[in-house]
Amino acid sequence: MTTTGKKEFWFVVGSQHLYGEEALAEVKAHAQTMTDALNESGVLPYLIVLQDLAISADKITSIMKEVNYRDEVAGVITWMHTFSPAKMWIRGTKLLQKPLLHLATQFNESIPWATIDMEFMNLNQSAHGDREYGFINARLKKQNKVVVGYWQRPEVQKQIAEWMDVAVAYNESFNIKVARFGDNMRNVGVTEGDKVEAQIQFGWTVDYFGIGDLVQYVNAVTDEEIDALFAEYEDLYEFDYGTYSREAWEASVRVQVSYEIAIKRFLDDGGYNAFTTNFEDLYGMKQLPGLAVQRLMAQGYGFAGEGDWKTAALDRLLKVMSRNQSTGFMEDYTYELALDQESALQSHMLEVDPSLASNKPKIIVSPLGIGNREDPARLVFDGKAGEGVVVSMADFGTHYKLLISEVSAFEPTVPAPKLPVARVLWKIKPDFQDGVKAWIENGGGHHTVVSLNLTTDQIVSYAKLVDLEYVVIK
Ligand code: MN
């Protein structure tokens, strides 16, 4: 459920009439070969669709207008086969409201020294055309991506694939709708923000609901529905009764099952794909939603605790970008400060995303010191290893700012038998002292979204597309 409908990208190849119809036919044939090969590579997550050659201002303008209104088109990839005078591109490029990638490549890999003549050089002058076209994009401040290299190389194709994920996330950003069950946690600063500005700048809709609106949905869930979903859990998770009787444990878990059904129904009825809860606002609820929230995060819904709608929306955005692989809401908790082992324990009071699990999660029931409710059920697991990117968004009063930090996640080796929550561990780059210091000095929050699937470059590409200030710590 990470995108609304099928997505594709349009491939627009630049040329001009100067070299005659024969040359244009060859350009078109080369473009078709490239399109087919890229689609068959298995590297690109979305299809590319070749368009008419871009050989006049009118043609370019009409293609870009169509890109704008077609919901299935997530962005445009351009390639300059020949020299394509860039004044022709000004109107269309200015009108284009979707991400643009300039693929600086050439049909032939090497220069054919034995046969090269002026005709060949005129037909294959990407180096010349790239500079003319790039100038206009730079002058128009288009914030387009430039990928350079031979189009058949896997590393070049991988860059296109990563940009496609960013472009789809950019498009889906305008479809992010956050339901807030309750307001922000009292007295907390970094989770606040300007919701109108977030809608203008990022396209996020953020709506408040009283927790009673959700309680009505919870009360409407039937025992049969709970039985059916509970049965699914048995295959997916270990059941750990701990010190509870089986009956008491099951009763607690069944409350969370009813929350999962109710929250999902509530969100789907309203077209919401992200949500927040607040342990201070649980009137009519027996438990703070824990296991239920974790299950919904695994399905692709964005989430953050304590009413933090900015992080919930960011979670949804990065889940779309990563196609919901190893990406989730996180909170900085406890430092490991032993020399040469410096790292940070990441968790939350319940709601750690199981897309980050390295082992089969177990369901446990345990008391929760805050919220003053019954003991909630939650999934407990160890986080997996991998190179990751940690992202946090804060409202600085005059503008939003994105903090991006690179980390190396590792699997814990020492058991923590009394820890009743999932744990994720990582080392901070460039080193613990400088990384933590830079994060704090820049005002980065304690709520983040981590991804072991995305790269800093992808996050920065998104930030540029929405004119968002960012700081990279690596
Ligand atoms: Mn929190």
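Donors are taken here as N, O and S atoms within 2.8 Å of the metal. In this predicted model, the manganese ion has four such protein partners to look at: Glu306 and Glu331, each through OE, and His348 and His447, each through NE2. These atoms lie 2.0 to 2.2 Å from the ion. Along the chain, the donors follow the spacing E-x24-E-x16-H-x98-H. Glutamate 306 sits in the loop between β10 (302-304) and α12 (309-321), while histidine 348 belongs to the loop between β12 and β13, so this pair ties together parts that are 42 residues apart in sequence. Both Glu306 and His348 are buried.

Turning to the pockets, the largest holds about 440 Å³ of space. Its lining comprises 21 residues, and those closest to the centre are Lys362, Ile364, Val380, Pro417 and Leu419. Strand β13 (residues 362-365) supplies the largest share of this lining, with 3 residues. Sorted by class, the lining of the largest pocket contains 11 nonpolar, 4 polar and 6 charged residues.

The second largest pocket has a volume of about 350 Å³. Here 17 residues form the lining, with Glu336, Ser343, Phe410, Val414 and Leu425 nearest the centre. Two or more lining residues come from each of the strands β11 (327-336), β12 (343-347) and β17 (424-428). By class, 9 residues lining the second largest pocket are nonpolar, 4 are polar and 4 are charged.

Notes. Residues are numbered from 1 along each chain as its sequence is written. This is a predicted model: local features need pLDDT of at least 70, side-chain atom pairs count only at pLDDT 80 or more; totals for chains, interfaces and linings use all residues. Side-chain values use heavy atoms; hydrogens and water are left out. On a 1 Å grid over the protein atoms alone, a cavity is a set of points where a 1.4 Å probe fits but cannot get out, and a pocket is an open set with protein on both sides within 12 Å along at least five of seven lines; lining residues have an atom within 4 Å of a point. Grid points are joined across faces, edges and corners, and a volume is the space filled by probe spheres set on the points. Helices (H or I, at least four residues) and strands (E, at least two) are DSSP runs, numbered from the N terminus. Ala, Val, Leu, Ile, Met, Phe, Trp, Tyr, Cys and Pro count as nonpolar, Asp, Glu, Lys and Arg as charged, and the others, Gly among them, as polar. Donors are N, O and S atoms within 2.8 Å of the metal (3.2 Å for Na, K and Ca); water is not among the atoms, so sites may look incomplete. Buried means under 20% relative accessible area, exposed over 50%, partly exposed in between (1.4 Å probe, protein chains only).
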